[in-house]
Every structure is written in C-alpha cells, then in structure tokens.
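Visitor: I should like to examine this structure step by step, beginning with its contacts. May we proceed by question and answer?

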Amino acid sequence: TIQTAINAASVLTSDTVLVSPGVYNESVNFNGKAALLISANGPTVTVIKPPAGSSAISFVSGETTNSIVSGFTLTNGDAGVSVSGSSPTISSNVIVNCGTGVACYSTSPIIMDNVISNSSGSAIFLFDCDSPLLAGNALVSNQGGGVNMYVAVSTTIINNLIQGNPGAGITM
C-alpha cells in the first residue's frame, strides 16, 4: 500500500515514494515524514479513494514544506487533503467529489497548481493559518465556495481560477 511505503520512509531524509498507476482504496497519513509522494504517470491514472469518512491524504504530525504530495486524483473523501499543525506542499493534484478539497487548521501550507472541483463544501478551507500560499489552482464548481478563510493571517493568493462556485469566490 501507499501507507506502507510512507511508513518505511526515513524521518531524517526526504525519501521519494513513487506510486505506479492504479486506484488505491486507502487513506494516507504522512506521520511526520518529510517524504515526496508522487505518482509515476500523473493524476489521470493514479487515484486515491479513502474509506468513507476519511481524508485521502493527512498531514497532522508537524510535517513541513518538505512533505509533498503531487500528481494524484483524490476523490470521494471527507477531505481530499486534511492538514492540521503542519505546513506541507500540495501540488499538481486533481481533487474531486470530496466534502472539502483541502481543509487546513493551524497550518501554513503551500497549495499550488491543483484542480479542485465538485466539493460539497469549500475547495480550500483555512482556519487559524499563518502565511499560507495558494497559487495557480483552479477552484471550480465547489458548493461551499472557492476559498473560505477564518483567522488566516498573511495569506497569499496568486493566479488562481475561481469559477462557478455557488458560494462566494473568497470569504474572509
């Protein structure tokens, strides 16, 4: 499983976990690892579908920007990516049909070049975040809006497409 590979990654160095094409029915927790989780052939052929009520990817153990997820389709999760007390890099993913695309609490993530669509909640939810970066994302057709920020200090939002969200584009 992807989780087994993450568990085997070093805590001290940035190991790369390269994932072959396929559909992975699991929830992946980085467990504080500074790992690069990347798909071998991109999001059109590499999908993570978590169990009901779970997030596809979780960063909840103090991960830094050296903890990276890139090149996956994350679908049908409570959240595509859940971040709490960590500052990961989330890039070049397709996050579709989740409760919330990326949900961040007490964190400073880098969220860039993702397509987040058809969430029943927000594409990106930020609560108590310090200096998050949102760049080059396409946030389309999310029922709860594009970006919802509450106590998000020094947020940088650059070159994002926010379109067709019945809720507000950006809520502060």
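Visitor: Of the contacts in the chain with a separation of 6 or more, what percentage comes from residues 24 or more positions apart?

Guide: The model is a predicted one. Among contacts in the chain with a separation of 6 or more, those between residues 24 or more positions apart make up 37%.

Visitor: What radius of gyration does the chain have, and how does this relate to a compact globule?

Guide: The C-alpha atoms occupy a box of roughly 40 × 30 × 30 Å along the principal axes. For 172 residues, a compact globule would have a radius of gyration near 16 Å, and the chain agrees with this. The value for the chain is 14 Å.

Visitor: What share of the 172 residues counts as buried?

Guide: The accessible surface of the chain is about 6900 Å², and carbon and sulfur atoms hold 54% of that surface. Buried residues are those under 20% relative accessible area. Of the 172 residues, the share that counts as buried is 48%.

Visitor: How many helices and strands are in the chain?

Guide: Seven of the strands form an open sheet in the order S2-S5-S8-S11-S14-S17-S20, and an open sheet of seven strands also has the order S1-S4-S7-S10-S13-S16-S19. For the chain, the count is one helix and 21 strands.

Visitor: Which strands stand at the edges of the sheet S1-S4-S7-S10-S13-S16-S19?

Guide: The pairing in this sheet is parallel. Each edge strand has a single partner strand, so one side of it is left without a neighbour in the sheet. From one strand to the next, the twist averages 10°. The edge strands are S1 (16-19) and S19 (156-158).

Visitor: Within that sheet, which residue in S10 stands opposite Ile68?

Guide: Strand S7 covers residues 68-70 and strand S10 covers residues 89-91. The two run parallel and are joined by three bridges. Opposite Ile68, in S10, stands Thr89.

Visitor: Which are the edge strands of the sheet S2-S5-S8-S11-S14-S17-S20?

Guide: The seven strands of this open sheet pair in parallel. An edge strand here pairs on one side only, and this applies to S2 (22-24) and S20 (161-163). Neighbouring strands of the sheet are turned by 10° against each other on average, direction ignored. The edge strands are thus named as S2 and S20.

Visitor: Which residue in S20 stands opposite Val140?

Guide: Strand S17, residues 138-140, runs parallel to S20, and three bridges join them. The residue in S20 opposite Val140 is Gln163.

Visitor: How many bridges join S15 to S18?

Guide: Strand S15 (residues 124-130) also pairs with strand S12 (residues 100-105) in the parallel sense, over four bridges. In that pairing, Tyr105 has Phe127 in S15 as its bridge partner. Towards S18 (residues 147-153), where the strands likewise run parallel, Cys129 has Ala152 as its bridge partner. The number of bridges between S15 and S18 is six.

Visitor: How many disulfides does the structure hold, and which cysteine sulfur is nearest to that of Cys129?

Guide: A disulfide requires two cysteine sulfur atoms within 2.5 Å, and the structure holds zero disulfides. For Cys98, the nearest cysteine sulfur is that of Cys104, 13 Å away. Cys129 is in no disulfide either, with its nearest cysteine sulfur at 5.3 Å, and that sulfur belongs to Cys104.

Visitor: Is Cys129 buried or exposed?

Guide: Buried means under 20% relative accessible area. The relative accessible area of Cys129 is 2%, so Cys129 is buried.

Visitor: Is Thr107 buried or exposed?

Guide: Thr107 lies in the loop between S12 and strand S13 (110-112). Leaving aside neighbours within four places in sequence, Thr107 is in contact with residues including Val83, Pro88, Asp128 and Cys129. Its relative accessibility is 3%, so Thr107 counts as buried.

Visitor: What is the phi of Asn97, and what is the phi of Ser141?

Guide: Asn97 is in the loop between S11 (94-96) and S12, and counts as partly exposed because its relative accessibility is 40%. Ser141 is in the loop between S17 and S18, and is partly exposed at 28%. Phi is positive in Asn97, a residue other than glycine, and is near 60°. For Ser141, also a residue other than glycine, phi is near 60°.

Notes
Residues numbered from 1 in each chain as written. Predicted model: local features only at pLDDT ≥ 70, side-chain atom pairs only at ≥ 80, totals over all residues. Heavy atoms only, no water. Pairing = 2+ DSSP bridges. Axes fitted to C-alpha atoms, helices over the stretch in contact; angles between N-to-C directions. Rg over C-alpha atoms; globule rule 2.2 N^0.38 Å. Buried < 20%, exposed > 50% of the residue type's maximum accessible area, 1.4 Å probe, protein only. Contact = heavy atoms within 4.5 Å. Areas by Shrake-Rupley, 256 points an atom, 1.4 Å probe, with all protein chains shown as cover.
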